[in-house]
Amino acid sequence: LSLPGDVRTIALAGLSTSEALALVSSSSELDRSAIVAEARGHPLFLQELAQHAHPHATSHAKLDAVLGARVDALPADARRLLEVLALAGAPISLPVAAEAAELSPSSCARVASSLRAKRLGRTSSSSSSSSEALEVYHDRNRAAVVARVDDERTKETHRSLATALENAGAGHDDPQALVRHLEAAGELSRAAEYARVAAERAHEVLAFDRAVELFEKSITLFEATGNERNDVVILLGDALRRAGRLRDAAA
């Protein structure tokens, strides 16, 4: 497909060392080389490290620590929403995010706007609905948030995400997301059922290799609960046959 007009392809990469040094050259107090090395050419992280270093008169803080300090300073509702988005692991609709974070839709929209202004979150149009999709801005921010959530709160958040997705109809639209969140929440029986549903959905659209993976996931989850499901084993055998893996299917 050719597009009309003067179309140019621009490759965006990290800033070079000289460009990064120039960007943080305004303050002679800073150890610019350390900042540039830690930011690895990312303009946003250069700014984060430089802003942190200037009032603290030191630039030896690691990026994860600087990002973590920003997370710690957030109001409770903003931090909760950011935790939900980080553990979601993919863009989620505003209604799902609001329910999982225990916020009203209007409050969630306001908090999401504040996260966007702080360059901790971002929104995009969702192709599957009229609602905006929310996510964490950059994987380094996501990692900084996840590192600050203890195991129990992590399980609770995954459970809240699973419930919100179920209520939004994701059991039909995206069962694989439910599998991931239910498994992380320790809800293995429900995760196994949704893995089977996702596998059958893949089988119906002739994605047999994917169906095999999901049937195997379902069997593993069922076995973890002490529940042997021969019906799922039979479905796995058929998916293996259709995928051309006849020896595995026979076994």
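**Group meeting: charged pairs and selected residues in a predicted model**

Good morning. I begin with E156, a residue of helix α9, which spans residues 151-167. Please bear in mind throughout that the structure before you is a predicted model. At 36% relative accessibility, E156 is classed as partly exposed. Together with D150, D151 and E152, E156 forms a negative surface patch.

I turn now to the salt bridges. The count for this model comes to 20. Several of the residues involved are joined into a network, whose members are D72, R79, R80, E83, R148 and R153.

Two pairs within that network deserve a closer description, and both involve D72. The first is the salt bridge between R79 and D72, where the closest N and O atoms are 3.2 Å apart. R79 has a relative accessibility of 22%, so R79 counts as partly exposed. D72 is also partly exposed, because its relative accessibility is 40%. The second pair consists of D72 and R148, whose side chains meet in a salt bridge with an N to O distance of 3.2 Å. D72 belongs to helix α4, residues 63-72, and R148 to the loop between α8 and α9, so this salt bridge ties together parts that lie 76 residues apart in sequence. As for R148 itself, a relative accessibility of 31% places it in the partly exposed class.

A further salt bridge connects the side chains of E135 and R122, at 3.3 Å from N to O. This pair links distant parts of the chain, since E135 sits in strand β3, residues 132-136, and R122 in strand β2, residues 121-125, with their positions 13 residues apart in sequence. Are the two partners buried or partly exposed? E135 is buried, because its relative accessible area is 14%, and the cut-off for that class is under 20%. R122, by contrast, is partly exposed at 37%.

Next, I should like to consider R140, in helix α8, which covers residues 139-146. R140 has a relative accessible area of 21% and is therefore partly exposed. Which residues does R140 contact, once its neighbours within four places in sequence are set aside? They are E38, R40, F45, L63, D64 and L67. One separation may also be noted: R140 and V71 are 69 residues apart in sequence, and their C-alpha atoms are 12 Å apart in space.

My last residue is A97, which is found in helix α6, residues 94-100. A97 is buried, because its relative accessible area is 0%. Leaving out residues up to four places away in sequence, A97 touches L81, V84, L85, I92, C108 and L134. From A97 to A109 the distance is 12 residues along the sequence and 9.7 Å between C-alpha atoms.

To close, I return to the charged residues. D72 has salt bridges to R79 and to R148, and these three residues belong to the network that also includes R80, E83 and R153. The negative patch, for its part, is made up of D150, D151, E152 and E156. Thank you for your attention.

Key:
Residues numbered from 1 in each chain as written. Predicted model: local features only at pLDDT ≥ 70, side-chain atom pairs only at ≥ 80, totals over all residues. Heavy atoms only, no water. Patch = residues over 30% accessible without salt bridge, like charges linked within 9 Å, V, L, I, M, F, W, Y side chains within 5 Å. Areas by Shrake-Rupley, 256 points an atom, 1.4 Å probe, with all protein chains shown as cover. Salt bridge = Lys/Arg side-chain N within 4 Å of Asp/Glu carboxyl O. Lys, Arg positive; Asp, Glu negative; His and termini not counted. Charge placed at Lys NZ, Arg CZ, Asp CG, Glu CD. Helix = DSSP H or I, 4+ residues; strand = E, 2+ residues; numbered from the N terminus. Buried < 20%, exposed > 50% of the residue type's maximum accessible area, 1.4 Å probe, protein only. Contact = heavy atoms within 4.5 Å.
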